[in-house]
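Hi everyone, thanks for making time this morning. I'd like to walk you through one structure, so let me put it up on the screen.

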Amino acid sequence: MFHHIEFDKAYSGPNPPAKEPERQYYFIGKCRKLLEKEQERLGRPLTFHVTTFGCQMNARDSEKLAGILEQIGYEEASEEEADFVIYNTCTVRENANLKVYGHLGRLKHEKKSRPNMKIALCGCMMQEPEVVKKLKKSYGFVDLIFGTHNIFKLAELLAEVLENKGQFVDVWEGTEEIVEKLPADRKYAFKSGVNIMFGCNNFCSYCIVPYVRGRERSRDPREILREMEELAADGVVEVMLLGQNVNSYGKNLPEPTNFAWLLRKAEEIEGIRRIRFMTSHPKDLSEELIQVMKESKKICRHLHLPLQSGSTRILEKMNRRYTKEQYLELAERIRSEIPGISLTTDIIVGFPGETEEDFEDTMDVVRKVRYDNAYTFIYSRRTGTPAASMDNQVAKEEVQARFFRLIPEVQRIAREQAAGLEGTVQEVLAEEINEHIPGCLTGRMSNNLLVHFPGDPSRIGKLFPVRLEECRGFYYMGKAVSQDDCG
Ligand code: SAH
Ligand code: SF4
Ligand code: F3S
């Protein structure tokens, strides 16, 4: 889609265009020139590495960063060797945040032995003023700091770093802008994330995401469908539609539309064989969506439906805007309308004020819904969120004890749920070579379960009928019943 020549031509004259994405094309061209000089001086190609922390949204952002850097002329390398290292950070829980500081210590050391290397930090953590203050004060070896709203500007920021010395900081508080038509480099040839919206308006009281990702903005459906068509033409068979709350897609567009409509349009795209999406907020999940999923041949039999807590009292304090009963009713409805669907969830233990009774409500929902998988988190206090200043924070030991009661229950149920498919033949997308079992590939079923089966690496990216021979806890061992694509 992009040719280097276009960028070389775009870099003309001393004044960059004001309009995007043309402005970034100009800077990609400019960085190409700067890099060529440096490569000549060193007599070798220059390399980059993007390290991603956090969620799928960040992973997709990292692909965009990599796409821009490749157009500039960088080659990908390991973090230990790269001339330009970017950390795309996450701050959803304190642990995520601490992990980044841990890695930074290592990088500081690395830079001492390779003073020419450049280091950039971006992503959600950079949207916290306290973090940037700390980095400015004590992490002078970081060359570039930018945020979530201006990642599209990487080429422009890099030009600054390549031409000038010192730490360069550019973090925006928010934006209305969605810049389209910039390169991205996919991690997988056959599957890709597709952003359908950015930001979040829900303000769940524990969550920092609305503060670091800004207000909800939906992408123009024409741009989304165009991107999917291009991906399909490029060999992508599975897309994951990404947003913090996909069920409210389209509400704020000049011509309002909805997520169910978008899914119907996506379904029409030839070449796309599987559609996934993430994340659904239970309060906005429409009956229309259930029907679209039910009728669809392409939408995967998997729904991630974050519960957070099973206690209506806690849900209210979390500002989730549904009750225990409403959630149970919704889950029940989805299971009965779409047989075989896999339901997964997120659960937080130890939200301020959580009592033993509240926690038992969470256990009760877990047992009633029988999740196929659940991501369990210990509540983490995030500065600036309403929950952080609630006064009845739960004692650490108590939270830990509850957490370790929840995990085995979740796992027991997930195991039982997984076991039901033994002996059946399922459509499996071969995703990668299995590193542990020689001659085996690892694939994924529509319901998101993994299957390991003998197969040739040339089959990666294709869909096969696979007989599930043995369930081993959370995954299956299987055999392809045909080497032909299921299409
Ligand atoms: N937009 C998605 C999820 C975003 S964050 C949604 O609404 O479901 C992913 C998960 O991290 C959340 O579902 C929640 O379970 C967890 N999480 C968010 N903030 C947290 C916090 N302060 N402490 C512990 N877990 C948190
Ligand atoms: Fe956070 Fe709630 Fe928005 Fe999800 S919906 S990102 S949990 S505020
Ligand atoms: Fe983390 Fe930002 Fe995602 S805080 S979970 S990377 S939106």
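**Two ligands, a helix and two buried residues**

Let's begin with ligand 3, which is surrounded by G54, C55, N58, C90, T91, V92, C124, R213 and Q244. Please keep in mind that we are looking at a predicted model. Sorted by character, the shell around ligand 3 has four nonpolar residues, four polar ones and one charged one.

Now over to ligand 1. Which residues are the closest to ligand 1? They are R93, Q244, Q308, D346 and S380, out of 15 that surround this ligand. You may recall Q244 from the shell of ligand 3.

Here are some polar pairs. An N or O atom in the side chain of R93 sits 2.9 Å from an oxygen of ligand 1. For Q244, a side-chain N or O atom is 2.7 Å from a nitrogen of the ligand. S380 uses its backbone instead: an N or O atom there lies 2.8 Å from a nitrogen atom of ligand 1. Taken on its own, ligand 1 has 540 Å² of accessible area, and the protein covers 89% of that. Two elements, β13 (342–349) and β14 (373–378), each give two or more residues to this shell. Its make-up is seven nonpolar, four polar and four charged residues.

Next, helix α2, residues 22–42. With 21 residues at 1.5 Å a residue, α2 should span 30 Å, and its end C-alpha atoms are indeed 30 Å apart, so the two agree. Its buried residues are R23, Q24, Y25, Y26, F27, I28, G29, K30, C31, R32 and L35. What do the buried residues of α2 pack against? Three other helices: α1 (4–10), α3 (56–72) and α6 (154–163). After α2 comes G43, with a positive phi near 70 degrees.

Let me finish with two single residues. V85 belongs to strand β3, residues 84–89, and is buried, with a relative accessible area of 0%. Beyond its neighbours within four places in sequence, V85 is in contact with H49, E79, L107, M117, K118, I119 and A120. The C-alpha atoms of V85 and T47 are 8.7 Å apart, although 38 residues separate the two along the chain.

Is Q127 buried or exposed? This residue is in the loop between β4 (118–123) and α5 (129–138), and at 11% relative accessible area Q127 counts as buried, because the cut-off is under 20%. A polar atom of the Q127 side chain lies 2.8 Å from the backbone nitrogen of T148. Among the residues Q127 touches beyond four places in sequence are G147, H149, W172 and V212.

How values were computed:
Residues numbered from 1 in each chain as written. Chains lettered and ligands numbered in written order. Predicted model: local features only at pLDDT ≥ 70, side-chain atom pairs only at ≥ 80, totals over all residues. Heavy atoms only, no water. Helix = DSSP H or I, 4+ residues; strand = E, 2+ residues; numbered from the N terminus. Expected span 1.5 Å × (residues − 1). Buried < 20%, exposed > 50% of the residue type's maximum accessible area, 1.4 Å probe, protein only. Contact = heavy atoms within 4.5 Å. Near = heavy atom within 4 Å. Nonpolar A, V, L, I, M, F, W, Y, C, P; charged D, E, K, R; others polar. Polar contact = N/O pair within 3.5 Å; in protein donor to acceptor, adjacent residues only side chain to side chain. Areas by Shrake-Rupley, 256 points an atom, 1.4 Å probe, with all protein chains shown as cover.
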